[in-house]
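Me: Hi! Could you walk me through this one? I'd like to start with the strands and then wander a bit.

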Amino acid sequence: MAPPTNSIWQLYKAVKKDDNSGACVFVFDPRKCTQPGADVLAANALRRSKVLRHPGVLTSVCTEENTGVVYLATEQVVTLESALPSIIKNPGALAWGLYQLASVLSFLNNDCHLIHGNVCFDTVYVTRCGDWKLGGLEFVSEIDNLHSSPLKAHCGLLNVRAPEVEKGMWDDIKQGSPWAVDSWLLGSLITRLFSSTRIPQTLVNAHLQLSAQMAGRRMNPADFMTKSYFDNPYVETFQFLESITLKDSSEREQFFKKLVKLLDELPENVCMYKILPHFITALDLQLYGANNSQLIRPLLKIAKNLSHQEYQLKIVPNVVKWFASPDKALRTNLLENIESIMEHLTPSLINDQVFPEVSNWFLDPNPALREATVRAMLFIVPKLAERTVNTHVLRFFAKLQLDPEPCIRTNTTICLGKITPFLSEATRKRVLIPAFCRPLQDPFPPSRIAGVTAFAVTKEYYTAQEVAAQVIPCVAPLLVDPEKKVRDEAFRCVNILLAYVEKAMSRQPETSPDSAGAVTSAASVPPGSGVFNWAMSSLSQKLATGPVPQLGGSAEPVQQPTAEKAPSRTVETAQAQAAKPAAATAEAAENAAGGDGWDDDGGWGDDVEVAPKPASRTAFSPAPAVQPQPPKRQSPHPGALTLSQPKSQPSASASHVVPHLPAATEDGGWGDGWGDDGGLGGGGGSGGGSGGGGDGWEDDWGNDDAATVKPAMSRLEAKRLAASKKAVNVNKKPT
């Protein structure tokens, strides 16, 4: 760093060992400075720096003298000349600097009865926070001992001299006003500051009084501080900060509101190094009372401009301390602004110090704190250990989906959907579908919308089979939701899921190997042969010649045919054609007598096989064999309307059929959507609470295949299966 003009000091940048913060070192080396009396001036500066303590005086950190070389370490500063291009752009910053110079000169002249004698560009320094500091203490002298002072002895080394000093009028200086010399030097400094621009109108008169040729007419620096030039928000703000501990609570609250609005107008360096330390101190000392917690937002807004090293040094330790604060308002504001903090916190710090405190707020009585905690998980979960997410975060989410506050239930679902990429594959398989099914039954419409949207945005984490068998059946009831927004979102979700399944299945072969083998075997059987052809012909004949059952009664049981010779194909075809109306009438009577036409189990996962329309049969075509129906799957979603595909077209007299509703206790293997261990309790709705039983974390979200109980077979299916078995028995020949 270049030294000031005609200065006896060499200025160097330095770093403090204790905290690695910046500093400056002024070095006087008598071997390099050949000016006469320079050693006396250096000794005077060293002595004055130890005893003069004022915010406007350059702060001395430490001093050292070794073999005639004097070292003076100070706070980190730059010369006014180098900082002026940025200061001149902000009139408020320039006014604040002049106010600080006038303040320190008033302290020296009026309170200490000292003359600085060397106020100029080379002795004024600017800190990182924009404060002006007065250095160059080597000429400081007592007014009462002026004749033996360094000012009189070495005034020839001064860059700028007052008229009376230039003329050697020491008696007049001693008998005159103590501020006369320094006031003139301040006026000279103002002249140079505004050399490229016009002096502000509010400063013109004061400048003329400071620069008066007659020492008795010069303005006292204390009076200069009261001029209207300093009536601006910039100066008023920093004046209040310097005396904030003396203000009452109402004044502080009013000041805080003004300060937050002023932040965007202040220079960046001023905010980082002056406002930010004040905010940190205010949080610790509760300076702003009820508004104290609101300091978090502007504080973090300023802190984002710090370097990573400065952030780790100044902000991170305080953030960890604030997370442990008992002030709930402070916690809430901290969580609401956690996004700007997380990038500076290491995973180990979050897992060891931050999350243990945050986890206590999931079930806090304050709803605002609970909601803020849920929202904060969007930024905390990516840095949490997988075990912590599985054993803590997801279990708290399960409980919060039953929270009495609807907005918390909604945000919990939204947050879970957004943190899905950070969950392990096993956790996603176990958690997502039951977790997103729960809000679909919530009475709060935004919660239902959140569940539907969550399925749509996380579709890539499900297989096509899961989407078709579990997800779409859960979403489908919302297609007729009373709320239009819910219906619209449900339609959009179903369309997305259908497109996803269609795309996934388009990559599958058209026919599976098992199906292809079955088709080949059936094609190899010659027409008119086979045991089922003979058995079904006999059955058709029996139905055609027997009595037609009436509605409400039972069909005539099928008798086992005798071992007569099989009829010809022509007769067989005629008998089959005649048996068709009777078979349809018998089936309609069966439905009217014992069923509702939609089966009896009402499950979502019924393996209903809708046979394709048969091709026209010739007189030589074999009669189709009756195949037994496979057992049906369990219902995937409790409490939903379930309609099964009818097995045949009912008659006109039985066309009005009431769909079957599942029993209230039937859960289809899903329980409450969160497992069967009872660890969370509660039903699938928005109510419920935590239940006892089981302390394991792994079962909180349920197991999709936990239920193995098969639904009962309908009576129609039982009769069909019995008929097929009888047909097989009839066709057996004795060996």
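Reply: Happy to. One pairing to look at first: Val78 stands opposite Val126 in strand 7. Keep in mind that this is a predicted model.

Me: Which strand pairs with strand 7 there, and in what sense?

Reply: That is strand 5, residues 77-79, and the two pair in the antiparallel sense over 3 bridges.

Me: And how many bridges join strand 7 to strand 8?

Reply: There are 3 bridges, and strand 7 and strand 8 (residues 132-134) run antiparallel. Val124 stands opposite Leu134 in strand 8. Strands 7 and 8 form a hairpin with 4 residues between them, and Gly130 in the turn has a positive phi of about 90°.

Me: Which way do the side chains of strand 7 point?

Reply: In strand 7 (residues 124-127), Val124 and Val126 point one way, while Tyr125 and Thr127 point the other way. All of these are buried. In a regular strand, side chains alternate between the two faces of the sheet.

Me: OK, what about strand 4: why is it largely enclosed by the rest of the structure?

Reply: Because 5 of the 7 residues of strand 4 (residues 69-75) are buried. Strand 2 (residues 22-28) is joined to strand 4 by 6 bridges, running antiparallel, and Phe26 has Leu72 in strand 4 as its bridge partner. Strand 3 (residues 60-66) also pairs with strand 4 in the antiparallel sense, over 6 bridges. Ser60 stands opposite Thr74 in that pairing.

Me: What's in the turn between strand 3 and strand 4?

Reply: These two form a hairpin with 2 residues between them, and Thr67 in the turn has a positive phi of about 50°.

Me: Switching to the core. How many residues does the largest nonpolar one have?

Reply: It has 169 residues, and those with the most contacts inside it include Trp132, Phe224 and Phe455. Helix 3 (residues 91-111) gives the most to this core, with 12 residues. As general background, nonpolar side chains tend to be buried together in soluble globular proteins.

Me: What does Phe224 touch?

Reply: Leaving out residues up to four places away in sequence, Phe224 touches several residues, among them Leu98, Ala102, Ile190, Leu210 and Phe230.

Me: Back to helix 3: how does it pack with helix 10?

Reply: Helix 3 and helix 10 (residues 233-242) pack at an angle of about 45°, with their axes 8 Å apart. The two helices are therefore oblique to each other. Where they meet, helix 3 brings residues including Trp96 and Tyr99, and helix 10 brings residues including Phe238 and Glu242.

Me: I also care about protonation states, so let's do His278. Buried or exposed?

Reply: His278 is buried, with a relative accessible area of 11%. His278 is found in helix 12 (residues 268-285). The side chain of His278 makes a polar contact of 2.7 Å with the side chain of Tyr288. Beyond four places away in sequence, His278 touches Leu241, Ile244, Leu287 and Tyr288.

Me: How far is His278 from Glu242, C-alpha to C-alpha?

Reply: They are 9.9 Å apart in space and 36 residues apart in sequence.

Me: Last one: where is Asp403?

Reply: Asp403 is in the loop between helix 20 (386-400) and helix 21 (406-418). Asp403 counts as buried, because its relative accessibility is 6% and the cut-off for buried is under 20%. A polar contact of 3.0 Å joins the side chains of Asp403 and Arg370. A polar atom of the Asp403 side chain also lies 2.8 Å from the backbone nitrogen of Glu405.

Technical notes: Residues numbered from 1 in each chain as written. Predicted model: local features only at pLDDT ≥ 70, side-chain atom pairs only at ≥ 80, totals over all residues. Heavy atoms only, no water. Buried < 20%, exposed > 50% of the residue type's maximum accessible area, 1.4 Å probe, protein only. Pairing = 2+ DSSP bridges. Core = buried A, V, L, I, M, F, W, Y, C linked by side-chain atoms within 4.5 Å. Contact = heavy atoms within 4.5 Å. Polar contact = N/O pair within 3.5 Å; in protein donor to acceptor, adjacent residues only side chain to side chain. Axes fitted to C-alpha atoms, helices over the stretch in contact; angles between N-to-C directions. Parallel < 35°, antiparallel > 145°, perpendicular 65-115°, else oblique.
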